[in-house]
Amino acid sequence: MNMHRSEPLPPQRVPVAIIGGGQAGLSMSWHLKQAGIEHVVFERKRCFSEWREARWDSFCLVTPNWQCRLPGFPYAGPDPKGFMLREQIVEYLDAYIASFKPPVLEGVEVTRVERDAEGGFHLRTSAGDFIAQQVVLANGVYQVPIIPRSAERLPPHILQLHSSNYRNPQSMPAGATLVVGSGQSGCQIAEDLHLAGRQAHLCVGRAPRSPRVYRGREVTDWLTESGYYDIPYENHPQKATVREKTNHYLTGRDGGREIDLRQRALEGMKLYGLFKGVEGPRFLFEPDLTRNLAEADRSYNNIRELVDKHIRDQGIDAPVEPPYVPAWTPPHDPVELDYEAAGITSIVWAIGFTPDYRWVDLPVFNGRGQPVQRRGVTPVAGAYFLGLSWQNTWGSGRFADVGRDAEYLFGHIAAALAGSERRVQAA
Ligand SMILES: Cc1cc2nc3c(=O)[nH]c(=O)nc-3n(C[C@H](O)[C@H](O)[C@H](O)COP(=O)(O)OP(=O)(O)OC[C@H]3O[C@@H](n4cnc5c(N)ncnc54)[C@H](O)[C@@H]3O)c2cc1C
């Protein structure tokens with residue numbers, strides 16, 4: 001019998017390894033490809049899997065189409081001010097892949113990244129080992145769905161799912177649904193159910209809200225013109241908190257509009273404060289619905305004031321709008337709900353995600369496990385993050401400006417590779 005044992009293959013060498021085949025990883029790949037720099041993108045699923053798999057059926061962009069400006073491939077469709085539906089987004093992204101054919105290894109997971117003895121990086125992957133001189137961590141920040149431990153105390157006949165697994169009202173069991181979380185996903189999913197005639201209950205958290213159109217123009221246009229989207233994180237007046245803030249809620253649905261939860265309450269959506277837990281047949285809530293709605297309105301009004309100031313400062317002739325008046329105020333802050341009596345048969349947890357860096361064995365995190373980086377450049381030479389929220393500006397973790405961040409990192413990578421090339425030649 002042949003007892004020959006196959007030797008492990010030696011690691012493959014590549015100048016740059018990019019981990020993640022989403023918009024961040026492929027933006028980086030585009031820049032490297034233009035410069036003829038050899039690299040590999042590792043994607044454990046399929047490129048843009050988040051957009052293909054983790055969005056509900058009626059999903060559409062919250063940001064306008066014109067902000068889809070991946071490097072070398074700005075949105076060129078017929079509706080720049082519109083909001084692409086999920087299928088259209090996927091079409092745009094597939095066309096992006098076809099436009100420059102990035103060197104992606106799909107279905108290959110990176111299971112560990114660590115320093116190697118020569119000062120580069122050793123990547124262990126499901127397709128063998130690689131050695132890279134430079135490594136870009138573009139693995140996304142919306143990775144691990146958050147579900148609270150109190151979920152375990154719910155009876156099994158209540159269906160529970162995370163917002164990334166919600167698809168449509170018809171796939172939910174008959175009866176009412178509690179959506180927990182009022183960020184962009186939670187509000188839009190609660191609306192999706194409500195507009196389909198389903199009884200939606202919503203736990204309203206601390207997420208801010210934004211106007212969509214104000215004083216005759218889309219707010220995104222005003223904020224672009226006023227330079228807000230170019231404010232770097234380092235100069236942001238709320239630098240201490242801005243990276244951790246939940247996104248403002250509004251929607252691209254119906255051609256783009258605001259989400260007014262007070263109005264939805266008048267129409268029959270049931271609102272509560274923060275979800276606190278489960279006790280017997282009851283959900284418990286914090287007594288903060290009134291406060292949370294008021295806080296969301298405060299951010300809404302702050303954005304209007306920002307626009308007012310810009311209009312004033314620039315002497316722009318724009319129509320004036322009446323002051324905001326809340327459509328409804330809760331009569332009291334509900335603190336509990338008998339879920340059996342309310343006919344609740346399902347819960348959608350829309351309280352976000354955490355990133356997953358367990359496989360990154362590099363000293364690039366702070367005491368809270370968050371990336372330590374400045375514009376994506378880490379304290380470890382040759383290791384970079386890309387696609388983080390507010391990595392540099394508002395558009396960093398979005399379609400709008402991830403390309404700009406990739407271009408910045410490209411400068412570092414190209415210079416580092418040129419430097420090591422010079423050192424090799426000198427030696
Ligand atoms: C519900 C929702 C709505 C959003 N709406 C908008 C919007 O309207 N406009 C906008 O501009 N932005 C929006 N965003 C924000 C942002 O554009 C998306 O989150 C986008 O997917 C981020 O792209 P990314 O490339 O940074 O990360 P991802 O899309 O998460 O890509 C990371 C990739 O890395 C892969 N990966 C992770 N770990 C590994 C590993 N170890 N090995 C190999 N591969 C790995 C993953 O499979 C994934 O494909 C939204 C986000 C969410 C969650």
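This is a working chat about a predicted model, covering its ligand, its empty spaces and a few buried residues.

User: Start with the ligand. Which residues come nearest to the ligand?
Analyst: Q23, E43, V62, T63 and F399 come nearest, out of 30 residues around the ligand.

User: What is the mix of nonpolar, polar and charged in that shell?
Analyst: The shell around the ligand divides into 13 nonpolar, 11 polar and 6 charged residues.

User: Which helices and strands supply at least two residues of the shell?
Analyst: α1 (23-34), β2 (39-43) and α2 (49-53) each do. The largest share comes from α2, with 3 residues.

User: Polar contacts next. What does the side chain of T63 have to do with the ligand?
Analyst: An N or O atom in the T63 side chain is 2.7 Å from a nitrogen atom of the ligand. The side chain of S49 also has an N or O atom 3.1 Å from the ligand, in this case from an oxygen atom.

User: And V110, backbone or side chain?
Analyst: Backbone: a polar backbone atom of V110 is 3.0 Å from a nitrogen atom of the ligand.

User: How much of the ligand's area does the protein bury?
Analyst: The protein buries 95% of the 980 Å² that the ligand exposes when taken alone.

User: Switching to pockets. How much space lies in the second largest pocket?
Analyst: The second largest pocket holds about 280 Å³ of space. It is lined by 15 residues, and Q133, Q134, A416, L417 and S420 are the closest to its centre.

User: Which elements supply at least two residues of that lining?
Analyst: β8 (128-137) and α9 (402-426) each supply at least two. α9 gives the largest share of the lining, 7 residues.

User: How does the lining of the second largest pocket divide by class?
Analyst: It has 6 nonpolar, 7 polar and 2 charged residues.

User: How many cavities of 30 Å³ or more does a search find?
Analyst: The search of the whole structure finds 1. The largest cavity has a volume of about 50 Å³.

User: What lines the largest cavity?
Analyst: W56, S58, F59, C60, Q188, E191, T251 and R253 line the cavity. By class, that lining has 3 nonpolar, 3 polar and 2 charged residues.

User: T251 is in that list. Which side chain has a polar atom 2.8 Å from the backbone oxygen of T251?
Analyst: That of R212. R212 is in the loop between β12 (200-203) and β13 (213-214).

User: Why does R212 count as buried?
Analyst: Because its relative accessibility is 4%, and buried means under 20%.

User: Any other charged residue like that? What about D288, and where does D288 lie?
Analyst: D288 lies in the loop between β17 (282-285) and α8 (289-314). D288 counts as buried because its relative accessibility is 6%. The D288 side chain reaches the backbone nitrogen of L274 at 3.0 Å.

User: Now backbone angles. What is odd about the phi of F48?
Analyst: F48 has a positive phi of about 60 degrees and is not a glycine. Most residues other than glycine have a negative phi.

User: Where is F48 found, and is F48 buried or exposed?
Analyst: F48 is in the loop between β2 and α2. F48 is buried, with a relative accessible area of 2%.

User: And what is the phi of W390?
Analyst: About 55 degrees, so positive although W390 is not a glycine. The residue sits in the loop between β22 (383-385) and α9. W390 is buried, with a relative accessible area of 6%.

Conventions: Residues are numbered from 1 along each chain as its sequence is written. This is a predicted model: local features need pLDDT of at least 70, side-chain atom pairs count only at pLDDT 80 or more; totals for chains, interfaces and linings use all residues. Side-chain values use heavy atoms; hydrogens and water are left out. On a 1 Å grid over the protein atoms alone, a cavity is a set of points where a 1.4 Å probe fits but cannot get out, and a pocket is an open set with protein on both sides within 12 Å along at least five of seven lines; lining residues have an atom within 4 Å of a point. Grid points are joined across faces, edges and corners, and a volume is the space filled by probe spheres set on the points. Helices (H or I, at least four residues) and strands (E, at least two) are DSSP runs, numbered from the N terminus. Ala, Val, Leu, Ile, Met, Phe, Trp, Tyr, Cys and Pro count as nonpolar, Asp, Glu, Lys and Arg as charged, and the others, Gly among them, as polar. A residue is near a molecule or strand if one of its heavy atoms lies within 4 Å of it. A polar contact is a pair of N or O atoms within 3.5 Å; within protein, one must be able to donate a hydrogen and the other to accept it, and residues adjacent in sequence count only if both atoms are side-chain atoms. Accessible areas come from the Shrake-Rupley method with a 1.4 Å probe; for residues, only the protein chains shown count as cover. Buried means under 20% relative accessible area, exposed over 50%, partly exposed in between (1.4 Å probe, protein chains only).
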